[in-house]
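Biologist: Hi, I'm new to this one. Could you put it on screen and walk me through it?

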Amino acid sequence: MPATTPIAQDFVPYATAAVDFHRALNVPAGPLVASRAELDSLHAHLVALHGLLDAHAQRTSPLLPGEGDHLKATRTRLWQAAEHLHAAYHSSPRPGSGEVPDADTCRARRPEGAPELTICRRHQQAAQLVRRRATPADLYSPFTGLVRR
């Protein structure tokens, strides 16, 4: 009988349950603008998930290229979602004033100041990994690439 190594605790199901629980408690039915704090938290969640899928894709691709292709495509789609969340954050009204900020402030590396700086810093750090793993054509194509069967 082969010896089995203990598997590390799998926390992903707990994270999924927490997201579902959060939605059920905090997102009421009907029209509601997502707060900047909510968008920031969702962005952090997607960036963490992107990192997890990147690690799986890097380890799986040499062994099973077909599965690796699917994981890479998933990683690319997650990055696209994180890009949209980052843009939504900067398009949402500022707390207090309700003023919608200029989109060029983030692109010019002049974010709106702390705590708003955290989402930009996280996004820029994740973008470094994305630039190493994907080409601009991969990121902006409606098709995420060849997927082997």
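Biologist: Which residues line the largest cavity?

Modeller: This is a predicted model, to be clear from the start. In it, the lining of the largest cavity is made up of His 50, Asp 54, Arg 75, Thr 76, Trp 79, Leu 129, Val 130, Arg 133, Ala 134 and Leu 139.

Biologist: And which helices supply at least two residues of that lining?

Modeller: Those are α2, α3 and α5. By class, the lining has five nonpolar, two polar and three charged residues.

Biologist: What volume does the largest cavity have?

Modeller: About 50 Å³. A search of the whole structure turns up one cavity of 30 Å³ or more.

Biologist: Leu 139 was in that list. What is it in contact with, leaving aside its neighbours within four places in sequence?

Modeller: Thr 76, Trp 79, Gln 80, Val 130 and Ala 134. Leu 139 also turns up in the largest nonpolar core, where it is one of the residues with the most contacts, along with Leu 46, Trp 79 and Ala 82.

Biologist: How many residues does that core have?

Modeller: It has 18. Helices α2, α3 and α5 each supply at least two of them, and the largest share, six residues, comes from α3.

Biologist: Let me step back a bit. How many helices and strands does the protein have?

Modeller: Six helices and zero strands, so to speak α-α-α-α-α-α when you read along the sequence.

Biologist: And what share of the protein is buried?

Modeller: Buried residues are 30% of the 149 residues. As for contacts between residues at least 6 apart in sequence, 69% of them join residues at least 24 apart.

Biologist: Okay, new topic: pockets. What lines the second largest pocket?

Modeller: Asp 10, Phe 11, Val 12, Ala 15, Thr 16, His 45, Ala 48, Leu 49, Leu 52 and His 56 do. The volume of this second largest pocket is about 250 Å³.

Biologist: Where does the largest share of the lining come from?

Modeller: From α2, with five residues. Both α1 (12-26) and α2 (36-60) supply at least two residues each. The lining of this pocket divides into six nonpolar, three polar and one charged.

Biologist: Phe 11 is in that pocket list. Which residue does it form an aromatic pair with?

Modeller: The count for the protein comes to one aromatic pair. It joins Phe 11 and Tyr 14, and it is tilted, at 6.4 Å centre to centre with 50° between the planes.

Biologist: Is Phe 11 buried or exposed?

Modeller: Phe 11 counts as exposed because its relative accessibility is 56%, and the cut-off for exposed is over 50%. Tyr 14 counts as exposed too, at 55%.

Biologist: One last spot: Gly 68. Which helix does it lie in?

Modeller: Gly 68 lies in α3, which spans 65-91.

Biologist: Is Gly 68 buried or exposed?

Modeller: Buried, because its relative accessibility is 0%. Buried means under 20%.

Biologist: What is Gly 68 in contact with, neighbours within four places aside?

Modeller: Thr 60 and Ser 61. There is also Ala 57 to look at: Gly 68 and Ala 57 are 11 residues apart in sequence, and their C-alpha atoms are 5.2 Å apart in space.

How values were computed:
Residues numbered from 1 in each chain as written. Predicted model: local features only at pLDDT ≥ 70, side-chain atom pairs only at ≥ 80, totals over all residues. Heavy atoms only, no water. 1 Å grid on protein atoms, 1.4 Å probe; cavity = no way out; pocket = protein on both sides within 12 Å on 5 of 7 lines; lining within 4 Å. Points joined across faces, edges and corners; volume = space filled by probe spheres on them. Helix = DSSP H or I, 4+ residues; strand = E, 2+ residues; numbered from the N terminus. Nonpolar A, V, L, I, M, F, W, Y, C, P; charged D, E, K, R; others polar. Core = buried A, V, L, I, M, F, W, Y, C linked by side-chain atoms within 4.5 Å. Buried < 20%, exposed > 50% of the residue type's maximum accessible area, 1.4 Å probe, protein only. Contact = heavy atoms within 4.5 Å. Phe/Tyr/Trp six-rings, centres within 6.5 Å; stacked < 30°, edge-to-face > 60°.
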